[in-house]
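Dear colleague,

As agreed, I am passing on the structure for your records. Please find it below, followed by an account of what was found in it.

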Amino acid sequence: NITNISNTDENVVGYFNVATLKTKRIFFNHSDFNYIKPDYFSECNVVTWNYNIVCPRGGTDERAMLYEYIMTRNYQFIDYDNYNYTIVNPECSDCTTFASNVKPDFWEN
């Protein structure tokens, strides 16, 4: 109720503007607009090396290469089978190397 503070016997007319708000999310694909989907920004370098292969001088020491890629280039394991380790560059295995993993406010639940 609305009342006049200085004269309680006086009638007061109030004006209320009532409205509803409705939102709708629209999702689309690049193909909906005949756009070509852009390439991934980094080429994925998937490598498989056998941990048991240790070569003498002049050969490829796969154990050493595996160690070097993991320790200095931050490659990640994606598969293992009978001493064969498959690894990939971090941009293709861990999104947090180039972006945040915090959910944005505009994402729906």
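Which residues make up the largest nonpolar core? Six residues do so: Val47, Trp49, Leu66, Tyr69, Tyr75 and Ile87. At least two of these residues come from β1 (46-50), and at least two from α1 (62-72). As a general point, nonpolar side chains in soluble globular proteins tend to be buried together. Please bear in mind throughout that the model is predicted.

One member of the core, Ile87, may serve as a guide to its surroundings. Leaving aside residues up to four places away in sequence, isoleucine 87 touches Asn45, Val46, Val47, Trp49, Leu66, Tyr69, Ile70, Tyr75, Gln76, Phe77 and Ile78.

Overall fold

The chain contains one helix and three strands, and from the N terminus on these elements follow the order β-α-β-β. Its radius of gyration is 31 Å, whereas the globule rule gives 13 Å for 109 residues, so the chain is more spread out than a compact globule. Along the principal axes, the C-alpha atoms fill a box of roughly 105 × 40 × 20 Å.

Of the 109 residues, 13% count as buried. The chain exposes about 10200 Å², and carbon and sulfur atoms supply 51% of that area. Among contacts with a separation of 6 or more, 44% are accounted for by residues 24 or more positions apart.

Aromatic residues

How many aromatic pairs does a search of the whole structure find? The search finds nine. One of them joins tyrosine 80 and tyrosine 85; this pair is tilted, with 4.6 Å centre to centre and 50° between the planes. Tyrosine 80 has a relative accessible area of 43% and is therefore partly exposed, since that class lies between 20% and 50%. Both tyrosines belong to one aromatic cluster, which is formed by Tyr51, Phe77, Tyr80 and Tyr85.

Charges over rings

Tyrosine 51, a member of that cluster, has the charged end of arginine 63 over its ring, 4.2 Å from the centre. A second arginine is placed in a similar way: arginine 73 lies over the face of tyrosine 69, at 4.0 Å from the ring centre. Tyr69 is also one of the residues of the largest nonpolar core, and Ile87 touches Tyr69.

With kind regards

Note on methods: Residues are numbered from 1 along each chain as its sequence is written. This is a predicted model: local features need pLDDT of at least 70, side-chain atom pairs count only at pLDDT 80 or more; totals for chains, interfaces and linings use all residues. Side-chain values use heavy atoms; hydrogens and water are left out. Rings of Phe, Tyr and Trp (its six-membered ring) pair if their centres lie within 6.5 Å; planes under 30 degrees apart count as stacked, over 60 as edge-to-face and the rest as tilted. Buried means under 20% relative accessible area, exposed over 50%, partly exposed in between (1.4 Å probe, protein chains only). A charge sits over a ring if NZ of Lys or CZ of Arg is within 6 Å of the ring centre and within 35 degrees of the ring normal. Helices (H or I, at least four residues) and strands (E, at least two) are DSSP runs, numbered from the N terminus. The radius of gyration is taken over C-alpha atoms; the globule rule is 2.2 Å times the number of residues to the power 0.38. Contact means heavy atoms within 4.5 Å. Accessible areas come from the Shrake-Rupley method with a 1.4 Å probe; for residues, only the protein chains shown count as cover. A nonpolar core is a set of buried Ala, Val, Leu, Ile, Met, Phe, Trp, Tyr and Cys residues joined through side-chain atoms within 4.5 Å.
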